[in-house]
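Student: Please take one part of this structure and go through it closely. I would like to know what its side chains touch and how they pair.

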Amino acid sequence: MESDKEETNMEAQTAQQTGVAATENEKTLSELHQPLWSVVSFEKIMKNGLKYDEAVNELERLKAEKVSGLCIITDEASSRI
């Protein structure tokens, strides 16, 4: 009888974790599609207000131009540069 309770608790815990994971995945995906990403170099903000895939493209373009120290961060973080 005790093992039945434990099994039920484990199943409920797993279902709850799965629900939370799906919500977090949805939030992450929606953030990737929002224009809140910046491409920065060692020296300055190169471009901001980008969707994540746009930021990746911009980073690659700048990399081809031999710009050093590139990375993608949120616009919020770039505002502190």
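Tutor: What follows is a close look at helix 2 and its partners.

The model is predicted, so local features need pLDDT of at least 70 and side-chain atom pairs count only at pLDDT 80 or more, while totals for chains, interfaces and linings use all residues. Residues are numbered from 1 along each chain as its sequence is written, and side-chain values use heavy atoms, with hydrogens and water left out.

Start with the ring pair. Two rings of Phe, Tyr or Trp (its six-membered ring) pair if their centres lie within 6.5 Å; planes under 30 degrees apart count as stacked, over 60 as edge-to-face and the rest as tilted. The count by this rule is 1 aromatic pair. Trp37 and Tyr52 form it, edge-to-face, at 5.1 Å centre to centre and with 85° between the planes. This pair links distant parts of the chain, since Trp37 is in strand 1 (residues 37–40) and Tyr52 is in helix 2 (residues 52–64), 15 residues apart. Helices (H or I, at least four residues) and strands (E, at least two) are DSSP runs, numbered from the N terminus.

The two rings can also be described by accessibility. Buried means under 20% relative accessible area, exposed over 50%, and partly exposed in between (1.4 Å probe, protein chains only). Trp37 counts as buried because its relative accessibility is 13%. Tyr52, at 31%, counts as partly exposed.

Trp37 also belongs to a nonpolar core, that is, a set of buried Ala, Val, Leu, Ile, Met, Phe, Trp, Tyr and Cys residues joined through side-chain atoms within 4.5 Å. The largest such core has 6 residues in all: Trp37, Val39, Leu50, Ala55, Leu59 and Leu62. Strand 1 and helix 2 are the elements that give two or more residues to this core. Helix 2 provides the largest share, 3 residues.

Two core members show what lies around them. Contact here means heavy atoms within 4.5 Å. Apart from residues up to four places away in sequence, Ala55 touches Trp37, Val39, Leu50 and Ile72. Leu62, which is in helix 2, counts as buried because its relative accessibility is 4%. With neighbours within four places in sequence set aside, Leu62 is in contact with Val39, Met46, Val67 and Leu70. Leu62 and Val39 are 23 residues apart along the chain, and 9.3 Å separates their C-alpha atoms.

Helix 2 also carries charged residues. Side chains of opposite charge can pair when their charged atoms come close. A salt bridge is a side-chain nitrogen of Lys or Arg within 4 Å of a carboxyl oxygen of Asp or Glu. The structure holds 4 salt bridges.

One of them joins Glu58 and Arg61, with the closest N and O atoms 2.7 Å apart. The side chains of these two residues are also joined by a polar contact of 2.7 Å. A polar contact is a pair of N or O atoms within 3.5 Å; within protein, one must be able to donate a hydrogen and the other to accept it, and residues adjacent in sequence count only if both atoms are side-chain atoms. Both Glu58 and Arg61 lie in helix 2, 3 residues apart, about one turn of the helix. Glu58 is buried because its relative accessibility is 10%, whereas Arg61, at 40%, counts as partly exposed. Neighbours within four places in sequence aside, Glu58 is in contact with Val39, Lys47 and Leu50.

Another salt bridge links Glu60 and Lys63, at 3.8 Å from N to O. These residues too are both in helix 2, 3 residues apart, about one turn of the helix. Glu60 has a relative accessible area of 40%, so Glu60 is partly exposed. Lys63, at 46% relative accessibility, counts as partly exposed as well.

Arg61 has a further partner: Glu65 forms a salt bridge with Arg61, and the closest N and O atoms are 2.6 Å apart. Glu58, Arg61 and Glu65 are thus joined into one network by salt bridges that share partners. Glu65 counts as partly exposed because its relative accessibility is 47%.
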